[in-house]
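Open the model in your viewer and keep the selection panel at hand. The tour goes from a single helix pair outwards.

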Amino acid sequence: MTTSKKNIVMREKDMQKVSAQQKVVQALVKVGVYAFLLVMALIVLFPFYWMLISSVKTLEEYRMSVPTFWPQKIMLSNYVEAFTTANLGRLFLNTLYVGLVSTLLSLVITILCAFAFARLEFKGKETLFGLMLATMMIPGELFTITNYQTVTQLGWLNTFTVLIVPFLVSVFYIYLLKQNFMQIPNELYLAAKVDGTSDIKYLCKVMIPLALPTLISITILKMMGAWNSYIWPRLVANDAEHRLITNGLRNAFTETTGDVNYPVQMAAVAIVSAPLFLVFIFLRKYIMAGVSRSGIKG
Amino acid sequence: MKVVLENLTKIFPSRNKKSNEEVIAVNNFNFEIPDGKLIGLLGPSGCGKSTTLYMLSGLQKPTSGKIYFGDDDVTELATEKRGIGLVFQNYALYPHMTVKQNILFPLQNLKGEEKMSKEEMLERAYYAAKLVQIDELMDRKPNELSGGQQQRVAIARALVKMPRILLLDEPLSNLDARLRLQTREEIRRIQKETGITTVFVTHDQEEAMSISDLIVVMKLGVVQQIGKPQEVYDNPVNLFVAKFLGTPPINVFDGKIKGGKVYIGEDAVMEVKDAADQDVIIGIRPEGFNLDENGPFHCKLENVEVMGRDVSVVSTNAASLNPVIRSIINSDNKVNTESETVRYSIKPHKMFVFNKETEERIYFEVK
Amino acid sequence: MVDNKQQWKAWLYLSPAIILLLVFTVWPIINTLRMAFLEGYSAQAEVGGATFEFGIGNFLKVIEYKKFLQCMQNTILLCVLTVPISTLLALLIAVALNSIKGLQKILQTIFFLPYVTNSIAIGMVFAAMFNIVGSFHGTENEIIQTAGIINNVIEFFGGERVNWINAGSQYWANITVMVVYIVWNALPFKILVLLGGLQSINAQYYDAAKVDGTSRSRVFARITVPLLSPMLAYVIITGFIGGFKEYTSIVGIFGETMGPPDAPGRLNTMVGFVYEALENKHQGRASAAALILFVIILIVTRLNMRFGKKSVYY
């Protein structure tokens, strides 16, 4: 196999020309890529920007036929009005309470379950786990119909219990944590047994610290879930005492079209969105890690 | 195609932003690779051998210096214009394509004048596959092949467009010991058959010595020695090269030159001409010892390992810089295993003397 | 290894989860099947002592129901439009992000932002952006105070303004708004997964392709996409499952009327239908509709997987 005729040796001049051309093409591609990304980023960011500037405009300015991209006069009173109109303080507290309690209980249940599946031997383990995974296929709406009847019969309507208990078990979180626990070498558990360490102590001292990132991801996703839940709370606890933030927002501003007081509405939206953004800024790593594995929101 | 490296240098900026230490991966490399030869770039990890290979391929750009393929300056030329074939350490076979698709892939990229008809491409692909003896595996996927077979596919893919130069990055490191022996013969055969100038990188000196026409020994970015394998082995220019080549490794000792004699410890093992008095490091190849009842070099006998054709005598000496001294003796010579000591005379051409500070070789004539 | 102590300990640890699952997951599955196959079932009537015949009447009623067909059409239309658009956009963005060094982290964060939002709340922002304040078209004394920022932008580029979501708006305009919002909402997850996939592809494949002089488009089509195919299959399947359960994003933009003021329910989805039936105490019908939804999701997932097996390599 000799060097083929087609590989004619390029002369030096041609080569220089070729490499100059390459550089131009590469630079153009790079500019194109950045332009594309920046335009897309602007589109993604625009609704947030529009929410923020609209939330501080006066109603008159908002209604001007030529829109302003920076408010002429900054009306922070919109926020005060939004807060009182929608009774946001109460909604915040309700949501925080439901979120915290359900996260805590859910963590305990999930950890115990994951530990049993990951470390203990018992009859029917594989079958049970398989069945639990299978339920993940079924859309939640299918459960809601019966669950609504169940909680009605239990007399739980318009209580906090109804917002917390039905969703304490998440098969997906059990699966996630079990996988995490299984990565911890079994020798550690056997060694602990030899030393006479109790299961619970071992769980607290070894497994939980090692699985902490997953637990944090679960906590955040669960809290976000409480913050964003809409359908179930609307169905079972839509009274002023127990209403959660998303429902409160939708209830206070039922009109979306027509002549709405948008600045105040946008201020309310901004207030509701703010905690999520704060959490995101500080805990981005855990959220992204949890989300990329789950594919579900909350 | 001959390849010329001229003052080739590659400096990586420091990864740590605080310290401004740059890493000089390759320092001022000059070398003319003759046409049609198999060259082994050899050295421990971090010596710059892979960086050199990647600069030849064009995947990395040199900081300064020039690379010529034949008479053409290719320093600034993009990889794909260089007409090279590159075999990666992990083969980089596309897992979603069959062997045939993998080998055809480079040909399908050709454009314009170089574009080939389907039949031509298939013919070429089968030619390359036959050359590496995988023409019966063409419809398999890479994960259905053994390591050795994957290696051959990678070579076929690199050869199929008839490169001007073939580059191999640690081609044998992912194979088990037996396959390694077999495959290195194979590489040698393919290179001979095609006559393509080939450069390969390895950290295994035995591998490099066994198949290369020329080896280049590198350390910390600096070329130590270039030459035919046997020449480099017989004539190392410094302690590093002497230690790096050879299995079992060379025995090294603290010693001195005094009054025209070379001493290991207190034993004057050789008389030499024209050598100034100084402290030195002495290296003796394992095959450089003769059992000699009246030999000048005294050692304490530890044990004798029988290896069939040869025996390996393990002994100790206070001046030795290695834990033990290992000498390879023809098994015809009887070693008295009862004795506590063993005495050697040294073969002059198997002993090298190095300056203690610079570790450079000290040349002299033996009386 | 199976000793008795471990046995009862395991069941003790599992018991809270199992009890809750039995009540809120297993029983609903059984009960939904039961309710769906009892003619005209209503829980309230049952409590009152009524009995129901076994039959498939609920399913027939649901399928004959015009509203349900409308819901199904909306759901499928939104799925078919948003999944390909968002997947393609996410793929382009992920590939672009993967190819740059400067600004990568900050851009990655920006593209993830829509994920950490409340879909009702941000839906209200989108509604504001598309909304026209004032009466629109039709009459002589038409008063338009502000046409909404989207219309402003369209007019800036010389286009005609559109009635997107107000009274009198067209169906396709409503759908367009929903597609824009759903795609915007779906991008972050897809970009995150695809970028993760891209970053795990061994860089040597690209070096190998470069040595062979492979063009950018060929690298994309022959190497990137096939090696990314497991991730692509994953985002497409989850995209379809999410798409068939679409509901809250529509509530976000149109409110609980699920449509413009003069055409309530026009944009209702299958999930919306289930809830409507439930609120009207037609549990039998709701169950039947939920089962139909489940079967559709199952079929689509299966089809995706079968198609995926052919195109997902290794």
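Start by selecting C:K67, C:F68, C:C71, C:M72 and C:T75 in α4(C), then add C:M270, C:G272 and C:F273 in α12(C); the two groups are in contact. By class, this contact of α4(C) with α12(C) has five nonpolar residues, two polar and one charged. The model is a predicted one.

Now widen the selection to the full helices, residues 66-99 for α4 and residues 270-279 for α12, both in chain C. Two packed helices are described by the angle between their axes and the distance between the axes. Here the axes come within 8 Å, and the crossing angle is roughly 150°.

Next, colour chain C by domain. The assignment gives domain 1 as 1-36, domain 2 as 62-124 + 171-308, and domain 3 as 132-165. Select domain 2 and domain 3 of chain C and place a marker at the C-alpha centre of each: the markers are 29 Å apart.

Where do domain 2 and domain 3 of chain C touch, and how many residues take part? Six residues on the domain 2 side are in contact with four residues on the domain 3 side. To find the domain 2 side, select α8 (171-199) and α11 (248-254) of chain C, the elements that give two or more residues to it. α8(C) gives the most, with three residues. Colour this side by class and five nonpolar residues and one polar residue appear, with no charged residue.

Then bring chain B into view. Its contact with chain C takes 16 residues from chain C and 16 residues from chain B. On the chain C side, select α9 (203-211) and α10 (216-244), which each supply at least two residues. The greatest share on that side comes from α9(C), with six residues. Coloured by class, the chain C side shows eight nonpolar, four polar and four charged residues.

Finally, hide chain B and look at the whole of chain C. A cartoon view should show 13 helices and two strands. Along the principal axes, the C-alpha atoms fill a box of roughly 85 × 75 × 35 Å. The radius of gyration of chain C is 25 Å, whereas a compact globule of 314 residues would have one near 20 Å. Colour by burial, and 44% of the 314 residues count as buried. For a contact map of chain C, take the contacts with a separation of 6 or more: 70% of them join residues 24 or more positions apart.

Conventions:
Residues numbered from 1 in each chain as written. Chains lettered and ligands numbered in written order. Predicted model: local features only at pLDDT ≥ 70, side-chain atom pairs only at ≥ 80, totals over all residues. Contact = placed C-beta atoms within 7 Å. Helix = DSSP H or I, 4+ residues; strand = E, 2+ residues; numbered from the N terminus. Nonpolar A, V, L, I, M, F, W, Y, C, P; charged D, E, K, R; others polar. Domains from an automatic or database assignment. Axes fitted to C-alpha atoms, helices over the stretch in contact; angles between N-to-C directions. Rg over C-alpha atoms; globule rule 2.2 N^0.38 Å. Buried ≥ 20, exposed ≤ 12 C-beta atoms within 10 Å, placed from the backbone.
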